[in-house]
Amino acid sequence: MNLKKYLVRALHRLQKGPGYTYKELLVWYCDNTNTHGPKRIIKEGPKKKLIWFFLTLLFASLVFWQWGILINTYLSYNVTSSLSIGFKTMKFPAVTVCNANPFKYSEVKHLLKELDRLIEAALERILQPTPGNVSENVSPPLDLQLWNQIPLVLIDEHNKDNPVILDIFETNQTAGGNETAVSNGTAGDNQNSEDNGTTTHSETTAWNQTTAPPAPANTTTEEKKYKLAVKLCSHQGSNNCTYRNFTSAAQAVTEWYILQSTSILSKVPLHERIRMGYQAEDMILACLYGAEPCNYKNFTQIYHPDHGNCYIFNWGMDEEALNSSNPGAEFGLKLILDISQQDYIPYLSSAAGARLMLHQQKSFPFLKDQGIYAMAGTETSIGVLVDELERMGYPYSDCTMNGSDVPVKNLYSQYNTSYSIQACLRSCFQNHMVEICGCGHYMFPLPKGVNYCNNEDNPGWAYCYSSLRSSIKQRQICIDSCKETCNDTQYKMTISMADWPSEASEDWIFHILSYERDMSTNVTLDRNGIIKLNIYFQEYNYRTISESAATTIVWLLSSLGGQFGFWMGGSVLCLIEFGEIIIDSLWITIINVISWCKGLKQKRARARYPDAPPTVSELVEAHTNLGFQHEAVGALPRDEALPPEPGTPPPNYDSLRVQPLDVLSPDSDVE
């Protein structure tokens with residue numbers, strides 16, 4: 001009902017028209033506002049009016065300029081980081097230990113037999129180029145089909161303008177008339193093709209040429225013009241090839257062997273790869289957590305493509321995470337590991353030791369990025385400090401709580417692990433690999449319905465993988481798609497090492513460990529295969545690095561009010577007054593627009609009917625007397641018009657009027 005009354009009043013106001021003009025409204029505002037300045041404009045003399053008008057306009061501009069800066073600062077959503085130190089009983093981190101060598105050589109030797117023979121023959125030709133020192137008749141013959149899929153080549157750069165590609169097992173060489181000299185690169189570079197020493201080109205000319213032998217070992221660096229490179233082609237026999245060259249032949253051989261072994265091992269079922277790796281009972285010789293003994297059964301086994309079988313202590317998947325009762329080495333985890341270095345794959349694992357990593361419970365260990373090595377024959381002590389990171393979410397940062405809002409499908413979810421940016425980046429790369437190359441890389445989990453790449457089914461997979469890995473565009477897509485976690489725990493490690501066991505105690509220690517493992521009185525262990533680890537909290541102080549908003553809505557309002565009060569002497573009520581005059585101005589505008597529309601409508605009606613509208617009596621006569629016709633403008637004169645249709649003459653309306661008494665005739669009295 002109240003709304004109806006308000007609308008009726010508004011309608012009446014619209015019908016009556018505006019009560020005042022814009023000028024009157026502005027004068028009224030300047031005379032009644034609480035803001036300093038406008039009053040002086042209407043009350044002072046002409047000169048002072050001009051001065052006060054200029055000052056008011058200047059300070060109002062300064063206020064709006066400062067307001068723009070403050071609002072822009074607030075909308076940038078900056079954060080400040082604060083560091084706090086706390087003390088509490090903390091959960092012991094999950095500890096993942098792996099062997100640097102993924103498989104026992106005795107178990108995989110039959111799979112890598114031909115590959116080892118190829119690399120041995122290639123090294124013989126590289127290191128002993130003299131024809132008399134090379135075994136020409138290799139028995140049995142080499143499997144060059146495996147070699148030709150991903151060959152190693154020598155690049156002769158004596159003439160940098162015309163480098164020559166020398167195949168190690170062939171006399172057919174390619175002169176690089178249409179090729180550019182490749183630059184030095186190192187294995188594992190993730191730069192673009194211009195940075196990592198790869199050059200893509202087409203081989204267009206080739207002829208038989210006697211190979212100039214590589215420079216002898218006693219030549220100077222300036223004279224060595226040969227570089228070893230891995231040749232990658234889009235498919236076998238194709239001219240679309242890439243040469244990845246290296247500063248050292250050791251790097252080239254390792255990279256080539258990894259590519260070839262990846263193709264071979266990708267066809268081996270997972271359970272077979274697990275069987276060929278190091279088993280927990282053979283690798284973990286002793287375990288002690290605080291004062292409680294433990295063994296290999298307290299570790300969770302996972303298969304890691306880089307390191308084979310890995311074992312995680314205190315992962316928290318099936319049981320509650322362990323708490324550390326006190327800081328110090330006596331209350332941490334103590335392990336003795338046997339890495340069996342004598343059973344390493346010679347061309348695959350050039351480093352010997354254990355790979356370990358500390359991480360959160362229920363998170364996947366990315367040892368290649370965040371792990372550390374423990375050297376054989378040493379006791380490695382690792383003191384741990386905890387940093388807890390707390391990031392603010394949207395709109396202050398683009399972090400995620402659990403990865404549910406990340407567009408990349410997490411392939412590591414099959415391990416039931418929590419989200420991490422490393423898992424997202426690798427899943428993104430694997431998805432691109434499947435989409436572009438048609439198969440998945442052996443080092444990452446597979447999506448459903450996809451197979452790992454190998455040379456037989458996917459001849460150009462290595463070329464595709466190398467191109468994808470060096471693509472800045474693809475890498476940037478993954479970086480833009482993945483997000484950091486809002487909450488994270490990092491473990492800072494202080495590492496120290498000492499020889500273990502000492503020369504005085506190694507005899508009895510090796511005897512005991514050999515007997516416990518093999519039930520043999522003979523020593524079956526040595527310093528090259530034994531590692532001792534001590535992992536503990538250095539102190540219970542933990543650091544929390546948290547983010548907070550640098551600008552809040554309270555800060556914004558107080559800053560806006562401070563600027564307005566300083567330059568104009570205003571307050572919130574002044575803003576309400578200003579809003580009131582804006583509403584009144586809009587109301588006047590609406591009324592004027594409606595009045596203008598009405599006037600325009602009337603003008604159109606007058607243009608359509610130029611004569612005056614008929615009176616009421618004329619309308620009644622036209623309705624009751626069919627013979628009555630209103631005389632239109634421009635009609636013919638009455639004497640020239642057609643005779644009217646016969647009908648009842650119109651009544652004399654004057655006879656119905658009451659006449660005054662003095663007008664009546666004497667005859668009326670008689671009657």
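Four residues of helix α15, namely Ile509, Phe510, Leu513 and Ser514, are buried in this predicted model. Around the axis they take up an arc of only 125 degrees, which places them on the same side of α15. Over on the other side of α15 sit Asp507 and Glu516, both exposed. The cover over the buried residues includes strands β14 (333–338) and β19 (530–549). As for its length, α15 runs over residues 506–518, and these 13 residues should span 18 Å at 1.5 Å a residue; the end C-alpha atoms turn out to be 17 Å apart, which agrees. Right behind the helix comes methionine 519, with a positive phi near 55 degrees.

Stepping back, the protein has 19 helices and 19 strands. Of its 671 residues, 40% are buried. Among contacts with a separation of 6 or more, 73% are between residues 24 or more positions apart.

Helix α16 (residues 553–568) can be looked at in much the manner used for α15. With 16 residues at 1.5 Å each, α16 should span 22 Å, and its end C-alpha atoms are indeed 22 Å apart, which agrees. Which residues of α16 are buried? They are Leu556, Ser559, Leu560, Phe564 and Met568. Looking down the axis of α16, these buried residues fall within an arc of 130 degrees, so they line one face of the helix. Turned away from that buried side are Val554 and Phe566, which are exposed. The packing partners of the buried residues in α16 are α4 and α17. Just past the end of α16, glycine 569 has a positive phi of about 65 degrees.

Helix α17 (residues 572–608) also meets a helix from the other end of the chain numbering, α2 (residues 22–32). A pair of packed helices is described by the angle between the axes and the distance between them. Here the axes of α2 and α17 come within 11 Å and cross at roughly 170 degrees. The two helices are therefore roughly antiparallel to each other. On the α2 side, the contact is made by Tyr22, Leu25, Leu26, Trp28, Tyr29 and Asn32. Facing them in α17 are Glu577, Phe578, Glu580, Ile581, Asp584, Ser585, Ile588, Thr589 and Asn592. Sorted by kind, the residues of this contact come out as eight nonpolar, four polar and three charged.

What about helix α12 (residues 421–437)? Twelve of its 17 residues are buried, so α12 is largely enclosed by the rest of the structure. The buried set consists of Gln422, Ala423, Cys424, Arg426, Ser427, Cys428, Phe429, Gln430, His432, Met433, Val434 and Cys437. These residues pack against three helices: α11 (367–370), α13 (461–469) and α14 (472–481). From first C-alpha to last, α12 reaches 24 Å, close to the 24 Å expected at 1.5 Å a residue. The residue after α12 is glycine 438, and its phi is positive too, near 85 degrees.

The loops have a few details of their own. Most residues other than glycine have a negative phi, and most peptide bonds are trans. Where do cis bonds turn up? One joins tyrosine 394 and proline 395, with omega about 5 degrees, and proline 395 is in the loop between β17 (378–390) and α12. Another runs from tryptophan 500 to proline 501, with omega near -10 degrees; proline 501 is in the loop between β18 (487–499) and α15.

Positive phi values also occur in loop residues other than glycine. Tyrosine 77 has a phi near 55 degrees and belongs to the loop between α4 (46–75) and β1 (79–87). With a relative accessible area of 25%, tyrosine 77 is partly exposed. Serine 340, in the loop between β14 and β15 (354–359), has a phi near 50 degrees. Is serine 340 buried or exposed? At 14% relative accessibility, serine 340 counts as buried.

One more loop residue rounds out the picture. Serine 248 lies between β9 (240–245) and α8 (249–265). Its relative accessibility is 31%, and serine 248 counts as partly exposed. In sequence, serine 248 and lysine 227 are 21 residues apart, while in space they are 7.8 Å apart, C-alpha to C-alpha.

Technical notes:
Residues numbered from 1 in each chain as written. Predicted model: local features only at pLDDT ≥ 70, side-chain atom pairs only at ≥ 80, totals over all residues. Heavy atoms only, no water. Expected span 1.5 Å × (residues − 1). Buried < 20%, exposed > 50% of the residue type's maximum accessible area, 1.4 Å probe, protein only. Arc of directions from axis to C-beta. Contact = heavy atoms within 4.5 Å. Axes fitted to C-alpha atoms, helices over the stretch in contact; angles between N-to-C directions. Parallel < 35°, antiparallel > 145°, perpendicular 65-115°, else oblique. Nonpolar A, V, L, I, M, F, W, Y, C, P; charged D, E, K, R; others polar.
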